[in-house]
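Me: I am new to reading protein models and would like a close look at the salt bridges. Could you walk me through them slowly, with each term explained?

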Amino acid sequence: DGYSGAYSSIIDANITTIIAGVILWVLGKGPVMGFAVILVIGILSSLFTSIFLTRLFIDNDIKKGKETSFYTSISEKIGKKLNLLDWDLIGKRKLFYMISGGIIVLGVISLATKGVSTGVDFKGGWSYVMNVEGASSGAIKDALSTTLTDANTEVKTYGEANQYKITTSYEIDSQEADAGKTVEAAILSALKEYNVTGDNILSNSKVGPTIAKDIKVRSSWAIALAIIGMFLYILVRFRNVGFSLGATAAIFHDVLIVFSLYSILWGIVPFELSIDQAFIAAILTVVGYSINDTVVVFDRVREFLGLNKHEKDISPVINKAINTTLSRTLITSLTTLLVILILFIFGGEGLKGFTFALLVGVAVGTYSSICIATPIVVDYMKKFGK
């Protein structure tokens with residue numbers, strides 16, 4: 001009965017994401033297409049394990065007479081308390097709209113005045129392979145940040161011991177003929193404590209943007225069509241435009257919040273926040289997570305509306321539906337956030353910006369599915385009487 005009751009939620013949540021993945025796979029280019037391939041493979045693998053393998057293990061335990069529990073003593077108490085909650089989340093929807101709207105407005109102002117840091121992937125840069133004794137990639141990057149200001153700089157171990165590949169967008173927009181020499185001089189100056197000279201440079205080159213204009217255009221179209229595809233699927237399954245509008249609004253909300261915080265916090269946090277291929281992957285991950293989480297909440301709302309067809313005021317019904325999903329939503333989100341937090345702390349400097357986007361996106365995706373998407377459904381139903 002448990003598995004039967006979960007099927008509609010599982011199928012709807014994953015098919016919406018698969019629709020997006022297939023469209024991105026077929027129409028996207030470069031990193032977007034690569035992401036889509038991994039996304040589709042991951043969803044199909046996850047569906048197989050969640051629907052078939054877990055049930056196989058549980059059925060096997062039951063046949064052996066083993067007690068099957070989904071709680072520890074601590075989590076059982078927490079779960080029961082969450083299920084007994086009766087927070088008026090729908091009643092506070094205007095407050096949630098104001099909070100989200102305020103962050104997005106601040107983000108738009110920051111984007112218009114301050115902008116964002118664009119990585120080498122988008123605007124190209126300079127690449128150097130160097131031999132640096134007695135330093136780590138992190139130490140080299142910290143040293144370079146003192147002279148290569150307002151630039152996206154990457155340092156990776158390369159080839160043999162003590163060899164590093166340094167890629168930077170410093171002075172890439174300069175029109176001077178000897179801009180390359182200026183960059184080289186700045187690098188040597190920054191690394192003088194490691195006794196680096198021109199002889200330590202094994203090779204250098206000017207690299208173009210790996211994300212070309214045609215990739216940007218095709219990928220933008222692919223993302224737009226993926227959102228339309230998800231909108232139509234939710235419309236067909238839930239038979240109400242309100243659900244489609246709520247899910248779509250939640251996606252845009254989450255993406256805008258991540259972009260806003262990337263711009264607002266750029267130069268404030270002690271790690272690099274730049275728009276590059278890793279950021280694109282993070283944004284697409286956030287979109288997939290957001291729609292998945294939103295559809296799961298919508299499925300419970302649909303169930304409660306079906307059981308209370310004669311209720312004139314739908315707000316208490318939908319509010320109760322949201323409260324009954326809180327334990328599932330929070331457990332899923334906290335599990336995901338724990339993994340990302342470990343990556344953020346221990347994953348190295350190169351993963352900081354990527355994992356930060358994921359941390360913000362997953363947290364905001366959880367919030368939006370409860371506090372933005374579902375309230376929009378309520379407002380639509382009340383306004384249009386559906």
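Reply: Here is a tour of the salt bridges, followed by a look at one helix that takes part in them.

First, a word on the source: this is a predicted model, in which local features need pLDDT of at least 70, side-chain atom pairs count only at pLDDT 80 or more, and totals for chains, interfaces and linings use all residues. Residues are numbered from 1 along each chain as its sequence is written, and side-chain values use heavy atoms, with hydrogens and water left out.

Side chains of opposite charge can pair when their charged atoms come close. A salt bridge here is a side-chain nitrogen of Lys or Arg within 4 Å of a carboxyl oxygen of Asp or Glu. Searching the whole structure turns up seven of them.

Let's start with Asp12 and Arg302, whose closest N and O atoms are 3.0 Å apart. Asp12 sits in helix α1 (residues 2-27) and Arg302 in helix α10 (residues 277-307), so this pair ties together parts that are 290 residues apart in sequence. Helices, by the way, are DSSP runs (H or I, at least four residues), numbered from the N terminus. Asp12 is buried, at a relative accessible area of 0%, while Arg302 is partly exposed at 23%. For these words, buried means under 20% relative accessible area, exposed over 50%, and partly exposed in between (1.4 Å probe, protein chains only).

Next comes Arg328 with Asp293, where the closest N and O atoms are 2.7 Å apart. Arg328 belongs to helix α11 (residues 314-346) and Asp293 to helix α10, so the bridge links parts 35 residues apart in sequence. Arg328 is partly exposed at 29% relative accessibility, and Asp293 is buried at 2%.

Glu303 and Arg300 form another salt bridge, at 3.5 Å from N to O. Both lie in helix α10, three residues apart, and are thus separated by about one helical turn. Glu303 is partly exposed, with a relative accessible area of 40%. Salt bridges with shared partners also join Asp12, Arg237, Asp299 and Arg302 into one network.

Now back to α1, the helix that holds Asp12. This helix bends by about 30° at Ser8; the bend is the angle between axes fitted to the seven residues ending there and the seven starting there. The buried residues of α1 include Ser9, Asp12, Ala13 and Leu24. Its buried residues pack against α2 (31-63), α8 (213-238) and α10, with contact meaning heavy atoms within 4.5 Å.

Notes. Helix = DSSP H or I, 4+ residues; strand = E, 2+ residues; numbered from the N terminus.
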